[in-house]
Each structure stands twice: as C-alpha cells, then as structure tokens.
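Reader: I have a structure here that I would love to walk through with you. Could you take me from its core outwards?

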Amino acid sequence: FKNTRETAMAIRNMSLEKAKSYLEDVVEKKRVIPFRRFCGGVGRSSQAAAAGATNGQGRWPKKSCQFLLGLLRNAEANAEMKDLDIDRLFISHIQVNRAVQQRRRTYRAHGRITVSYTHLTLPTKRIV
C-alpha cells in the first residue's frame, strides 16, 4: 500500500506516455520514486533530488510500478476502444486506498498480508 501510494503520487499530473516511460525507467533503476509521506527507514539516493524529493529519500518499488503500468496499459486500451486521442490523455486523479482487513488472512513472506485498491482517472487534456 505505501509503496503504491508513493508511486501513484509520483505519476500524478503526468501525461500517459510520460508516466509509462517514467515507471519503466524505475523498474530498470534508471530513475527513482521519491518517498515523501511513508519515508521511515527509506535510504537516500542521488536520483531523488532530480525526482523532486526535498529529503533525498527514494526507492525503486518494482512490484508497485509493474502493477501501475498494467493499469495504465489497460486505460490506454480502453481509450483506444472509445476512439479517444491517446496523446492527449493525462493522469488527473489517482488514489490508492488500503484494503479492508479480513478475518482470515493468508500470511506470506516478509509480512505481505494486505493489498491495495487503486482508482485512476484519465481525462483528455484540452489544448488551448
């Protein structure tokens, strides 16, 4: 949840193509996701200053980036089906919520229990 939230905040107000290339660069560790709110114990990186982090903290959350890349590709396919101009799509609203705790949980390695619910809005940008 926390990694996905920070990744989502990093791509907010980006165009669709720019966000996809940014996330692909993060997966390849060419660029970093700046951690602003959930930054306890996060190490510092020289790439974080270029990403706009004031505290110099950043990570490369591969799993969150791949999840959001799949979400963006799905939104792109939906836009193609609706005959929208893909070059004008941008991420105006993205929201990540913590999943509801359930009674029976499947315990996994490294304390991975909860999942997150993500909401994404991609309107077309008006060019004046």
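Reader: Which residues have the most contacts inside the largest nonpolar core?

Author: Happy to start there, keeping in mind that this is a predicted model. The largest nonpolar core holds 23 residues. Helix H1 (2-11), helix H2 (16-27), helix H4 (62-81) and strand S3 (93-98) each supply at least two residues of this core. Those with the most contacts inside the core are Ile11, Tyr22, Leu23 and Leu72.

Reader: Thanks! Are H1 and H2 parallel, perpendicular, antiparallel or oblique to each other?

Author: The axes of these two helices come within 10 Å and cross at roughly 135 degrees. That angle falls between the perpendicular range, 65 to 115, and the antiparallel one, over 145. Therefore the relation of H1 to H2 is oblique.

Reader: And is the crossing of H1 and H2 left-handed or right-handed, and how many nonpolar residues does their contact have?

Author: The crossing of H1 and H2 is right-handed. On the H1 side, the contact is made by Thr7, Ala10 and Ile11, while H2 brings Ala19, Tyr22 and Leu23. None of the residues in this contact is charged and 1 is polar, leaving the nonpolar count at 5.

Reader: Stepping back, in what order do the elements of the protein chain run?

Author: The protein chain has 4 helices and 4 strands. Read from the N terminus on, the order is α-α-β-α-β-α-β-β.

Reader: Last one: what percentage of the residues in the protein chain is buried?

Author: Buried here means under 20% relative accessible area. Of the 128 residues in the protein chain, the buried ones make up 34%.

Notes: Residues are numbered from 1 along each chain as its sequence is written. This is a predicted model: local features need pLDDT of at least 70, side-chain atom pairs count only at pLDDT 80 or more; totals for chains, interfaces and linings use all residues. Side-chain values use heavy atoms; hydrogens and water are left out. A nonpolar core is a set of buried Ala, Val, Leu, Ile, Met, Phe, Trp, Tyr and Cys residues joined through side-chain atoms within 4.5 Å. Buried means under 20% relative accessible area, exposed over 50%, partly exposed in between (1.4 Å probe, protein chains only). Axes are lines fitted to C-alpha atoms, for helices over the stretch in contact, and angles run from 0 to 180 degrees between N-to-C directions. Angles under 35 degrees count as roughly parallel, over 145 as roughly antiparallel, 65 to 115 as roughly perpendicular and the rest as oblique. A crossing is left-handed if the near helix is turned anticlockwise from the far one by less than a right angle, and right-handed if clockwise. Contact means heavy atoms within 4.5 Å. Ala, Val, Leu, Ile, Met, Phe, Trp, Tyr, Cys and Pro count as nonpolar, Asp, Glu, Lys and Arg as charged, and the others, Gly among them, as polar.
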